[in-house]
Amino acid sequence: MPIVHGHPRGGCSALLLLALLTPLAPLGCKDEGLLGKQKDRLTDAGDYITRVRGAKGRRNVPVLLEAARPLGGGTVARLLVQPLDKRLLRGRFVRVLYVSDPAQVAAVRGALLAARSAPFRTCEPTWRLDVRYGHFTHLARLNIPCERLEVDGKSLAYDGRVAEVIRGFVRRAVRRPTHKLLRVRVPVEHDPALILKALSGRVVEAYLPERPVRRGPHRKVFFTIARRAPSDPRQLDAAVAAIRKTARSSLSSYAYQLKVGRHEVVAVQGPSVVYERFGARVFEARYAIDVLFKLGTPDYMLGFLGLGEHFSVGHVVRPKDYQVDAIFRYDTRVSQMRKTIAQVAVKPPLGSY
């Protein structure tokens, strides 16, 4: 049974039922936020939390929206291992490893949580691991040759127990993938929660690869810095670390101001590396944060104030669609995948990347 990461609330539930039963019925209800109308708060991991009463009073707990329980009961568990190498993403679908055994998923999660901190590395990740165990979700990005491991945005060391555990699953994903992943193109007019609900009964799992969903405009804020290279070779590593620390600290501080002071800002992602050029004479580097605005934010609210030295702003990007990942059995043909997507009769229609 599928695990669905979305749940419509209020009047849109009835509209969804009509959309599934009536050909070409639009999912055009009033937009109720990034994941449907939700009075509960959203955690950093992307899960909604609600206040529940227990023996020690009320407390906040994450809610698995529409998460199907395993047969016979037990913990909801899922590990998805997929490549990020562009050479492996050129086809009509992506071959992935899908593991639903709670013991194996728990082992991966335990290894990730036990990994020690490590300095930030700039090499591009080549593997993505999505972990869900009970009420907990984690996103890990990995580059094995570079030994880069990033878990929920934190740089960790890829060695010891975590390397031993993850290496086996990556090897299985290369040699014996178990499922196929289709990247579904969804017009921004459609509420993600309703699309996930519509796809859930037709695929193994439908989920949002990125949260929050980029439905509204977004633009980058850059931090560019240039310094003389130290004459003493022994100071090169320290100089590089200082540049990265200055940039990340400056961008993180400004991102915090935006999230606290701008109600139209949905999220701020980053900092990330644009480029780093550490030459014999000059060190140059540029880093960026990506500022996501609410759907329908007018142009006059997309500007920035308080930018200091080294800061600059990129152009506004207005997406026309967003991505939903649909997991299919490995023996599913591409024609069957497309037919399944077409069964969600909405206007504008769904497509694939």
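These questions and answers walk through how some features of this predicted model earn their names.

The model is predicted, so local features need pLDDT of at least 70 and side-chain atom pairs count only at pLDDT 80 or more, while totals for chains, interfaces and linings use all residues. Residues are numbered from 1 along each chain as its sequence is written, and side-chain values use heavy atoms, with hydrogens and water left out.

Q: Why is Glu-205 called buried?
A: Buried means under 20% relative accessible area, exposed means over 50%, and partly exposed is in between, with a 1.4 Å probe and protein chains only. Glu-205 has a relative accessible area of 0%, so it is buried.

Q: What makes Glu-205 and Arg-78 a salt bridge?
A: A salt bridge is a side-chain nitrogen of Lys or Arg within 4 Å of a carboxyl oxygen of Asp or Glu. In this pair the closest N and O atoms are 2.8 Å apart, so the pair meets the definition. Arg-78 is buried too, at 3%.

Q: Why can the pair of Glu-205 and Arg-78 be said to tie parts of the chain together?
A: Glu-205 lies in strand β11 (residues 205–207) and Arg-78 in strand β4, so the salt bridge joins parts that are 127 residues apart in sequence. Strands are DSSP runs of E with at least two residues, helices are runs of H or I with at least four, and both are numbered from the N terminus.

Q: How do you know that Asp-159 and Arg-116 form a salt bridge?
A: Their closest N and O atoms are 2.7 Å apart, so they fit the salt bridge definition. Asp-159 lies in the loop between β9 (154–157) and α3, and Arg-116 in the loop between α2 and β6, so the pair ties together parts that are 43 residues apart in sequence.

Q: Why is Arg-116 called exposed?
A: Arg-116 has a relative accessible area of 52%, so the word exposed applies. Its partner Asp-159 has 32%, so Asp-159 is called partly exposed.

Q: What makes Glu-276 and Arg-244 a link between distant parts of the chain?
A: Glu-276 is in strand β13 (residues 265–278) and Arg-244 is in helix α5 (residues 236–261), 32 residues apart. The closest N and O atoms of this salt bridge are 2.9 Å apart. Arg-244 is partly exposed, with a relative accessible area of 21%.

Q: How many salt bridges does a search of the whole structure find?
A: The search finds 15. Glu-210, Arg-214, Lys-220 and Asp-290 are linked in a network of salt bridges.

Q: What makes a set of residues a nonpolar core, and which members touch the most others in the largest one?
A: A nonpolar core is a set of buried Ala, Val, Leu, Ile, Met, Phe, Trp, Tyr and Cys residues joined through side-chain atoms within 4.5 Å. The largest core has 26 residues, and Leu-79, Val-81, Leu-112, Leu-149, Ile-166 and Phe-169 touch the most other members. Elements giving two or more residues to this core include β4 (77–83), β5 (94–99) and α2 (102–114). Helix α3 gives the largest share, 7 residues.

Q: Why is Arg-167 called partly exposed?
A: Arg-167 has a relative accessible area of 37%, so it falls in the partly exposed class. Its place is in helix α3 (residues 160–175).

Q: Why is Thr-137 called buried?
A: Thr-137 has a relative accessible area of 13%, so it counts as buried. This residue is found in strand β7. Thr-137 and Leu-79 are 58 residues apart in sequence and 9.9 Å apart in space, C-alpha to C-alpha.

Q: Is Ala-229 buried or exposed?
A: Ala-229 has a relative accessible area of 17%, so it is buried. Its place is in the loop between β12 (218–228) and α5. The C-alpha atoms of Ala-229 and Phe-283, 54 residues apart along the chain, are separated by 5.7 Å.

Q: What is phi of Glu-147, and where is this residue?
A: Phi of Glu-147 is near 60°, a positive value in a residue other than glycine. Glu-147 sits in the loop between β7 and β8 and is partly exposed, with a relative accessible area of 44%.
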